[in-house]
Amino acid sequence: MESNTLFSNLNEIYLGLLPESLSWAAFLGTGFTIILILVNALLMLTAFGTYMERRVLGRFQTRLGPNRVGPFGLLQPLADLLKLIIKEDLRPVTADRLTFFLAPVLMVTSMLVVVAVVPFGNGSFLADLNIGVLYLVGIPTIATVSIFLGGWGSGNRFALLGAARAVAMLISYEVPMIVSLAGVLILAGSMSLVEVVEAQRLPFILLQPLAFFVFIVSASAEMNRSPFDLMEAESELTAGFHTEFSGMRFGLVQLAEFGEVVITSAILSTLFLRGWENPFIPSDWQQVLPAQIWFIGKVLFFMFIFTWIRATLPRMRIDQVMAFAWKVLFPLALINMFVTAALVVVWPDPNPTYTQLWVMVGVNWTVAIGCLACFTRGLERHGKKPTASVQLVQMPAEVS
Amino acid sequence: MPYGFGIAKGMLVTLRNLARKPVTVQYPEQRVEQHPRFRGEDFVWYEERCTGCASCAKYCPQGIIKIVTTPSGEQTQEGEKYKLETFDIEIARCMFCGLCVEACPYDALHMGTGFERARPRQSDLVITIEELKASAKRPSTWFRPQLQNKKYDPATGEEVSWQDVGRESTVAPTYDEMRKRWVDGR
């Protein structure tokens, strides 16, 4: 707790206000205040993330996007919220009452809880878990369960099909995602996110290009976004697992989806882009901008990248998606882990010099480019063969 | 091109679109420029030219023009004319073919330029004779090439009086003109 300056400063203020015997109340009050700030900041960022996404997506398609409500359409998220609240909350007769109620709530909860371990400034975070990265990959798994609950509880075959796809895909993509994080953890020597940030003398995007690639691809699969959004493929499944949700339930599902983007951007900037620190200069130099500005800026940058990907890539087929996870991303993540481990074995020094770091950068980039070239060559050769063989069977002549 | 570079190429294409100017027209404030020959849903009708012959009603493929007349003693350019009691155009079923305008022997009926006549009920979508009398006399230049030759634009131009909207020319082209146009011109 000593490194958490935000917490200790707030706690001192509360202790000054309350009598000596109520120090536990001051502790609780501090915790709840930080939770309030964090959750509200996340929700606001999510709401205006939807606005930003729609505007940027519009510009990608040479349209304007929403610009009617308020100045520059800035109040559009509020208008959407108002509309969703006013709408009738329908529940199909075939729906399972409990799971149908539980699914959106669980989705939003599992999204909100993750933010607890993400440090957004020097010494400002809610909790510095020593297994922070494990928490990061473990908690969003609840979202998978809640997606299946929603799909199953809707009592609708489209919803169930979408949920089945979602579960198959999310569980597959968790494997390369976690294995790609192993390289980062080996370099940082800790699972605590604060220590991961402090260990980045160079941003890990330079030291771990392959891990970054694997992580960003599997993260965009994890949050059900294009090109991996086939669990809610409109052309096949109406809307996938949230076909039957309406009103504020649908609002919660959407909130969870967009909140996931913000969270994933925050995780990406924490793990690969030095979190709250200036990514361009060493941390002991004079800082111009405050840490929180850098963090928000990186989050917005990654949100823009995800929007860009969504604006460009078409949806993949389910067998391509699964093959990509197991035949491409998983081996790449394994190779990255072994190469990083070998480098750390060669230089077991916990504080490598900059020369050593740049040599590591060179080795890792060579490995990354070589691996990607080999795998694209393999994909090219594989892509020329048909993935599934269709045999034409001669039908017996019709007996008249 | 090696496999997988298509993604990078596509990303560049979308990025280039990001820098382009949006093509959106903010409708109620801005409008798309209309062609002067646009066939709109309001009609321009010149009471002075109309004789109540009901050719438009006869030629309408949908049969949506309803005309009721009584005899009158007024003089027009050539001959007698009827007094119109009713001139209803049921615009909901109109397909804007313009045959009524082509059929009118006295060039009294012209296509308009409007497109904003959405109404909640179909029964409201009837243009009555009062509306036709009161409407602005800015005819579309469709089937009226002489108006277009005068660079007349219904969106910006002045109202046109009934003397100026006659047929282009009733004089048949001479042999030399026909030959120049159809034989030498090809």
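The following questions and answers introduce a predicted model.

Colleague: How are residues and chains labelled, and what kind of model is this?

Modeller: Residues are numbered from 1 along each chain as its sequence is written, while chains are lettered from A and ligands numbered from 1 in the order in which they are written. Local features need pLDDT of at least 70 and side-chain atom pairs count only at pLDDT 80 or more, whereas totals for chains, interfaces and linings use all residues, since this is a predicted model.

Colleague: How many helices and strands does chain A have?

Modeller: Helices (H or I, at least four residues) and strands (E, at least two) are DSSP runs, numbered from the N terminus. Counted in that way, the secondary structure of chain A comes to 15 helices and zero strands.

Colleague: Which residues touch the most other members of the largest nonpolar core?

Modeller: A nonpolar core is a set of buried Ala, Val, Leu, Ile, Met, Phe, Trp, Tyr and Cys residues joined through C-beta atoms within 7 Å, and buried means that 20 or more other C-beta atoms, placed from the backbone, lie within 10 Å of the residue's own (exposed: 12 or fewer; partly exposed: in between). Among the 94 residues of this core, the two that touch the most other members are A:M107 and A:L329.

Colleague: Which helix of chain A supplies the largest share of the side that touches chain B?

Modeller: Taking contact as C-beta atoms, placed from the backbone, within 7 Å, 14 residues of chain A are in contact with 13 residues of chain B. Helix 2 (23-60), helix 13 (291-312) and helix 15 (354-384) of chain A each supply at least two residues of that side. The largest share, four residues, comes from helix 15.

Definitions and conventions:
Two residues are in contact if their C-beta atoms, placed from the backbone, lie within 7 Å.
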